Amino acid sequence: MIASPTLKTFWKLRVSGFEHVPESGPVILAANHLSVADHLFLPVACPRLVFFMAKSDYFVETGAKGRLRGLFMRSVGQIPVERSGGRAALAGLEQARQVILSGKVFGIFPEGTRSVDGRLYRGKTGVTRLALMTGAPVVPVGLIGTDAVQPRGKLLPRAGLEVGVHFGKPLHFRGSDETRRNAREIRAMTDEVMDRIAELTGQETVNAYAVRPDAAASGTPGSAGRSGG
């Protein structure tokens with residue numbers, strides 16, 4: 001992967017716990033989301049190729065720049081998916097399931113979007129649903145410092161900074177068809193994933209879903225920190 005030596009040349013990468021990533025077989029990496037740079041630093045730190053979902057728009061852009069972006073996205077394991085909600089969201093979940101069942105490493109950011117203030121927001125339940133559907137272990141991942149490397153709104157990253165990528169012990173979720181339909185149990189499992197991520201990053205947790213900057217600017221209220229560690 002071309003990005004690997006480049007990142008290690010310009011940034012101080014501190015990795016721990018990579019032994020928690022199984023050497024083979026399906027696995028889900030669930031990480032916090034601070035920066036667009038997360039899509040680069042997490043795969044570089046992982047000993048296996050990591051597949052992510054990415055907006056399909058990135059793969060169909062025209063012109064030299066657009067084609068180059070599409071080529072790069074594919075080279076780093078990005079999978080095109082429609083993200084307009086509804087049936088498109090279900091199709092994306094199915095694509096992720098197929099990637100995992102084929103024995104690959106699937107990366108997901110349960111918060112759904114980047115944190116606007118560095119805190120760790122409530123995780124969406126897709127990560128748990130995928131684990132229950134596939135039987136794949138969930139490895140929590142804590143990313144530290146990527147928001148300083150490329151803050152929101154900045155086109156070019158800042159070199160010379162330290163970035164931490166910390167892999168936690170795998171979580172194994174098993175359940176019957178009834179469990180998969182139990183929203184309360186799925187919520188509790190997802191909260192456990194987020195709590196493990198918080199232990200790796202030391203972030204303050206928030207008992208609310210993250211919102212995009214445009215929604216925050218329109219007056220969407222914040223929430224108090226979660227006390228559950």
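This is a walk through the model, stop by stop, with something to select at each one.

Before you start clicking, keep in mind that the model is predicted, with local features needing pLDDT of at least 70, side-chain atom pairs counting only at pLDDT 80 or more, and totals for chains, interfaces and linings using all residues. Residues are numbered from 1 along each chain as its sequence is written, and side-chain values use heavy atoms, leaving out hydrogens and water.

**Stop 1: the aromatic pairs**

Rings of Phe, Tyr and Trp (its six-membered ring) pair when their centres lie within 6.5 Å; planes under 30 degrees apart are called stacked, those over 60 edge-to-face and the rest tilted. By that rule there are 3 aromatic pairs here. Select tryptophan 11 and phenylalanine 41: their ring centres are 5.7 Å apart and their planes stand at 85°, so this pair is edge-to-face. Tryptophan 11 sits in the loop between α1 (3–10) and β1 (12–16), while phenylalanine 41 belongs to helix α2 (residues 38–45), so the pair ties together parts that are 30 residues apart in sequence. Helices (H or I, at least four residues) and strands (E, at least two) are DSSP runs, numbered from the N terminus.

Are these two rings buried or exposed? Tryptophan 11 is buried at a relative accessible area of 10%, and phenylalanine 41 is buried at 2%. Buried here means under 20% relative accessible area, exposed over 50%, and partly exposed in between (1.4 Å probe, protein chains only). Add Phe10 to the selection and you have one aromatic cluster of Phe10, Trp11 and Phe41.

Now jump to phenylalanine 52 and phenylalanine 109, both of them buried. Their ring centres are 5.7 Å apart and their planes at 5°, so this pair is stacked. It links distant parts of the chain, with phenylalanine 52 in strand β3 (residues 50–55) and phenylalanine 109 in the loop between β5 (105–108) and α5 (126–134), 57 residues apart.

While you're here, show phenylalanine 51 and lysine 104. Lysine 104 lies over the face of that ring, 5.7 Å from its centre. For a charge to sit over a ring, NZ of Lys or CZ of Arg must be within 6 Å of the ring centre and within 35 degrees of the ring normal.

**Stop 2: the salt bridges**

The structure holds 5 salt bridges, each a side-chain nitrogen of Lys or Arg within 4 Å of a carboxyl oxygen of Asp or Glu. Pick glutamate 94 and arginine 97, which meet at 3.0 Å, N to O. Both lie in helix α4 (residues 87–101), 3 residues apart, about one turn of the helix. Each counts as partly exposed, glutamate 94 at 34% relative accessibility and arginine 97 at 22%.

Helix α8 has a similar stop: arginine 187 bridges to aspartate 191, the closest N and O atoms being 3.1 Å apart. Those two are 4 residues apart in α8, about one helical turn. Arginine 187 is buried, with a relative accessible area of 13%.

Next, select glutamate 204 and arginine 119, which meet in a salt bridge at 3.6 Å, N to O. Glutamate 204 is in the loop between α8 (183–201) and α9 (213–217) and arginine 119 in the loop between β5 and α5, 85 residues apart. Glutamate 204 is partly exposed at 44%. Bring in Asp117 as well, since Asp117, Arg119 and Glu204 are linked in a network of salt bridges.

**Stop 3: the nonpolar cores**

A nonpolar core is a set of buried Ala, Val, Leu, Ile, Met, Phe, Trp, Tyr and Cys residues joined through side-chain atoms within 4.5 Å. Which members of the largest one touch the most others? Select Ile28, Phe106, Val138 and Phe173, out of 25 residues. β2 (27–31), β3, α4, β5, α5 and α8 each supply at least two residues of this core, and the largest share, 6 residues, comes from α8. A second, separate core of 24 residues includes Trp11, Leu29, Cys46 and Val149.

**Stop 4: strand β6**

Finish on strand β6 (residues 138–144), where 6 of the 7 residues are buried, so it is largely enclosed by the rest of the structure. β6 pairs with β2 in the parallel sense over 4 bridges, and with strand β7 (residues 162–167) in the antiparallel sense, also over 4 bridges. Two strands pair if DSSP finds at least two bridges between them. To see the partners, select alanine 31 with valine 141 of β6, then isoleucine 144 opposite glycine 164 in β7.
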